[in-house]
Amino acid sequence: MRYDVIIIGSGPAGLAAAIYGMRARLQTLVIEKQPMSGGQILNTYEVDNYPGLPGIGGFEIGQKFREHADKMGAEFVTAEVLKIEAEADYKKIITEKETYETRTVILATGANHRKLGVSGEEELAGMGVSYCATCDGAFFRGKTVAVIGGGDVALEDALFLARACEKVYLIHRRDEFRGAKVLVEAVKKQENIEIIWDTIVERINGADQVESLSLYNRKKDKREDKKVSGVFIAVGIVPNTEIAKGIVELDESGYIIAGEDTVTNVPGIFAAGDVRTKNLRQVITAASDGANAITSVEKYLNMEAQN
Ligand code: NAP
């Protein structure tokens, strides 16, 4: 059997594409790596900027998207895609279990957290080093922790952790945050968050648990150690493009080059959500990409039918 479209990834982009694919009466399959749909929002405590759903939990919105796709009758399989082979008129999607054939592919593989790349980070991962405040924050109730970064995620993590932790150091390498103003204001108001500007982490210290951070203030040219029980690293994301490498064109940061129409340089392969080049990576723009991707898939299939 040959699908009309195979969607790889089940975050907001992939799930929106599944809903639109079914509405377009396309034979649609979603391949997800984990048996849980939602992608990065599963690790978000609260999504406060999706219209109509103020303050909805990340997990809950992920579930709602998935339920909607299920209601439309989209087919899902859990498998890791190992390789894509692009023949002229169809594509082969090779997973560890099976090989699927499809007329078009939507790459909606999203992105993952970026590593800080300092000594102690790998050694103490899971022993006080975390990339997910909502997953691991509860272990640090009443303790002192640090959050590294200055974007939306770092600000949200600091606010989330401040509810249960005694103290939160928010350590940023510059003297201005990149995250949303509303979050910056909330962070500045929170008494148990201390912002440490212009500072980088040089080392994460501890024997079998995080004990302290070695910090370097770049402006003051000063070094100091801060005692913390945990460190939450929120320094941005890297796109999941392993399977796209050598198939479609990527930019210098590894994102798949595609515009709002999600069209890549390879006919029949589309890229939607955080994995593609774009200005704003949020749930709403990912969902919008899913819709655009199916519109482009339909155009492509119509053109093919005419040839
Ligand atoms: P981000 O916006 O790229 O911010 C990454 C932060 O980490 C920046 O402040 C950056 O510093 C810092 N950083 C990067 N590399 C570093 C290093 N090696 N050492 C120290 N600091 C480093 O990433 P994000 O916060 O993970 O957000 C990812 C995307 O998701 C963004 O587009 C964001 O808007 C979106 N998002 C949206 C929402 C929402 O709308 N509610 C929530 C979460 C995420 P500089 O500022 O100096 O570059």
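Surface patches are made of residues with over 30% relative accessible area and no salt bridge, and like charges are joined within 9 Å. The structure examined here is a predicted model.

One such patch is positive. R114, R173, R174, R178 and R218 form this group on the surface. R114 sits in a loop. That loop connects β9 (111–113) to β10 (129–130). The relative accessibility of R114 is 38%. Buried means under 20% and exposed means over 50%, with partly exposed in between. R114 therefore counts as partly exposed.

A second patch carries negative charge. E46, D48, D152 and E156 come together in this patch on the surface. E156 belongs to helix α4, which covers residues 152–162. Its relative accessibility is 32%, so E156 is also classed as partly exposed.

Strand β11 gives another picture. This strand spans residues 144–148 and is mostly covered. Of its 5 residues, 5 are buried. The cover extends to both faces of β11. On one side, T144, A146 and I148 are buried. On the other side, V145 and V147 are buried.

Strand β11 also has a partner. Strand β12, made of residues 167–171, is joined to β11 by 5 bridges. The two strands run parallel. Within this pairing, I148 of β11 stands opposite I171 of β12. I148 is thus placed both in the pairing with β12 and among the buried residues of β11.

Note on methods:
Residues numbered from 1 in each chain as written. Predicted model: local features only at pLDDT ≥ 70, side-chain atom pairs only at ≥ 80, totals over all residues. Heavy atoms only, no water. Patch = residues over 30% accessible without salt bridge, like charges linked within 9 Å, V, L, I, M, F, W, Y side chains within 5 Å. Areas by Shrake-Rupley, 256 points an atom, 1.4 Å probe, with all protein chains shown as cover. Salt bridge = Lys/Arg side-chain N within 4 Å of Asp/Glu carboxyl O. Lys, Arg positive; Asp, Glu negative; His and termini not counted. Charge placed at Lys NZ, Arg CZ, Asp CG, Glu CD. Helix = DSSP H or I, 4+ residues; strand = E, 2+ residues; numbered from the N terminus. Buried < 20%, exposed > 50% of the residue type's maximum accessible area, 1.4 Å probe, protein only. Pairing = 2+ DSSP bridges.
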